[in-house]
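Here are some notes for a colleague opening this entry, set out as numbered points. Please read them with the structure in view.

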Amino acid sequence: MVEYLYQLDYEVRPHCPETDASIGLDDWTLDTDTEMDSTEAPSELTGGLVTTVDTISVHILMYSLTDRMFIEGLKVLSKEKVEQELGKRLN
């Protein structure tokens, strides 16, 4: 939402759990004394805390939040992004 206030637009950035675990962004969940085994999945390394987010869900949640906060411009933008995402998925 803050991104919209500055740029009048927002984007949902993809989350790649594999790179987060390998570069150590989640170090607080990893045991630093053990070596990373290449056969372990990142969700196993971080204790199952890794999740991926569906972009359409983010747009719907943004619409809901802006409806409650009376931010009409962002509400319209999030509705357009939901429609675009649904159009992509139907094709």
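1. Does His59 count as buried or exposed, and at what relative accessibility? In this predicted model, the relative accessibility of His59 is 7%, and because buried means under 20%, the residue counts as buried.

2. His59 is found in helix α4, which runs over residues 55-69. At 1.5 Å a residue, the 15 residues of this helix should span 21 Å, and the computed distance between its end C-alpha atoms, 21 Å, agrees with that expectation.

3. Along α4, the buried residues include His59 together with Ile56, Met62 and Thr66. These residues lie on the same side of α4, because the arc that they cover around the axis is only 120 degrees. Leu61 and Arg68, by contrast, are exposed and sit on the face of α4 turned away from its buried side.

4. As to what covers the buried residues of α4, helix α5 (72-90) is included. When residues up to four places away in sequence are not counted, His59 touches Ser78, Lys81 and Val82, and also Tyr10 and Val12.

5. Tyr10 deserves a separate look, since leaving aside neighbours within four places in sequence, Tyr10 is in contact with Glu3, His59, Met62, Leu74, Leu77, Ser78 and Lys81. Tyr10 and Met62 also belong to the largest nonpolar core, a set of six residues completed by Tyr4, Ile71, Leu74 and Leu77.

6. One backbone detail remains for the end of the helix: Phe70, placed just after α4, takes a positive phi of about 60 degrees.

Terms used
Residues numbered from 1 in each chain as written. Predicted model: local features only at pLDDT ≥ 70, side-chain atom pairs only at ≥ 80, totals over all residues. Heavy atoms only, no water. Helix = DSSP H or I, 4+ residues; strand = E, 2+ residues; numbered from the N terminus. Expected span 1.5 Å × (residues − 1). Buried < 20%, exposed > 50% of the residue type's maximum accessible area, 1.4 Å probe, protein only. Arc of directions from axis to C-beta. Contact = heavy atoms within 4.5 Å. Core = buried A, V, L, I, M, F, W, Y, C linked by side-chain atoms within 4.5 Å.
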